Amino acid sequence: MGKTIRQLSEELRLSKQAINQRINSINGFRSKHTHKVKNHLEIDNQGVKMLANFDKQKRQERQPNRQAENDKDKNIDQILLKQLDVKDQQIANLQQALDQQQKLQIATVAENHRLKEHVQKLSGLLESSSATQQQSNDKDDTLSNSDNSSHIKDKNNKQNGNKVAVCDNRQKKSFKRKNNNNWWHFWKN
């Protein structure tokens with residue numbers, strides 16, 4: 001003998017709507033476990049047991065799903081941990097490269113400073129040697145100026161004479177060219 005939805009709801013302490021939701025959620029339940037008696041829907045004993053154990057079944061069905069979700073979460077966690085390890089290794093390598101670059105930069109700056117000091121020393125030596133050489137040249141110039149002055153005057157006179165001759169020759173040539181470039185000479189050619 002079966003039970004009606006009202007009787008089942010009182011026995012299980014659930015609302016009629018909850019019982020109807022359970023009936024609708026189980027595939028083929030109405031066709032296998034229910035039949036109509038007058039105006040009421042009656043559920044057979046096997047259907048009553050199924051509805052009474054509905055929560056247990058749902059939990060059991062959910063448990064494998066939860067197990068699969070837990071396994072999936074564990075796999076994702078393992079993948080993320082591996083990726084974190086790889087990223088940590090990459091960060092360590094980059095930090096090491098950065099440290100090396102900083103050491104190289106410091107060494108380069110120190111080398112540049114040392115080279116600047118060396119250049120300053122060399123320029124100081126060059127200035128002092130050029131000053132002493134300039135003084136000796138000045139002494140030689142004052143001694144030889146009196147001897148060379150007459151020689152320079154003779155040389156300048158000769159150069160001036162040559163320049164006048166060259167200028168005269170240029171003026172003659174340019175005059176000849178101007179005479180040949182009259183407009184009627186173009187008609188003859």
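In the predicted model described here, E111 is partly exposed, with a relative accessible area of 35%; buried denotes under 20% relative accessible area, exposed over 50%, and partly exposed the range in between (1.4 Å probe, protein chains only). The side chain of E111 meets that of R114 in a salt bridge with an N to O distance of 2.4 Å, a salt bridge being defined as a side-chain nitrogen of Lys or Arg within 4 Å of a carboxyl oxygen of Asp or Glu. Both residues belong to helix α5, where three residues, about one turn of the helix, set them apart. R114 is likewise assigned to the partly exposed class, because its relative accessibility is 46%.

The model is a prediction in which local features require pLDDT of at least 70 and side-chain atom pairs count only at pLDDT 80 or more, whereas totals for chains, interfaces and linings use all residues. Residues are numbered from 1 along each chain as its sequence is written, and side-chain values rest on heavy atoms, with hydrogens and water left out.

The secondary structure of the protein chain comprises six helices and three strands. Helices (H or I, at least four residues) and strands (E, at least two) are DSSP runs, numbered from the N terminus. In order from the N terminus, the elements follow the pattern β-α-α-α-β-β-α-α-α. Of the 189 residues of the protein chain, 10% are classed as buried.

The three strands form an open sheet in the order β1-β3-β2, with antiparallel pairing. Strands β1 (3–4) and β2 occupy the edges and have a single partner strand each, so one side of each lacks a neighbour in the sheet. Pairing of two strands requires that DSSP find at least two bridges between them. Strand β2 (residues 34–37) is joined to the antiparallel strand β3 (residues 40–43) by four bridges, and T34 has I43 as its bridge partner in β3. Between β1 and β3, which also run antiparallel, there are two bridges. Across this pairing, K3 stands opposite I43, and T4 stands opposite E42.

A hairpin is formed by β2 and β3, with two residues between the strands. K38 is located in this loop between β2 and β3 and has a positive phi of about 55°, although it is not a glycine. Most residues other than glycine have a negative phi. K38 counts as exposed because its relative accessibility reaches 77%. R13, also not a glycine, has a positive phi of about 60°. The position of R13 is in the loop between α1 (5–12) and α2 (16–25), and R13 is classed as exposed because its relative accessibility is 75%.

In total, the structure holds two salt bridges. Side chains of opposite charge can pair when their charged atoms come close. Besides the contact between R114 and E111, a salt bridge connects the side chains of E11 and K3 at 2.2 Å, N to O. E11 counts as partly exposed because its relative accessibility is 45%, and K3 falls into that class with a value of 24%.

A negative surface patch is formed by E69, D71, D73 and D77. Patches consist of residues with over 30% relative accessible area and no salt bridge, like charges being joined within 9 Å and nonpolar side chains (Val, Leu, Ile, Met, Phe, Trp, Tyr) within 5 Å. Lys and Arg count as positive and Asp and Glu as negative, while His and the chain ends are not counted. The place of a charge is taken as NZ of Lys, CZ of Arg, CG of Asp or CD of Glu. Accessible areas come from the Shrake-Rupley method with a 1.4 Å probe, and for residues only the protein chains shown count as cover. Within the patch, D73 lies in helix α5 (residues 54–180) and is partly exposed, because its relative accessibility is 41%.
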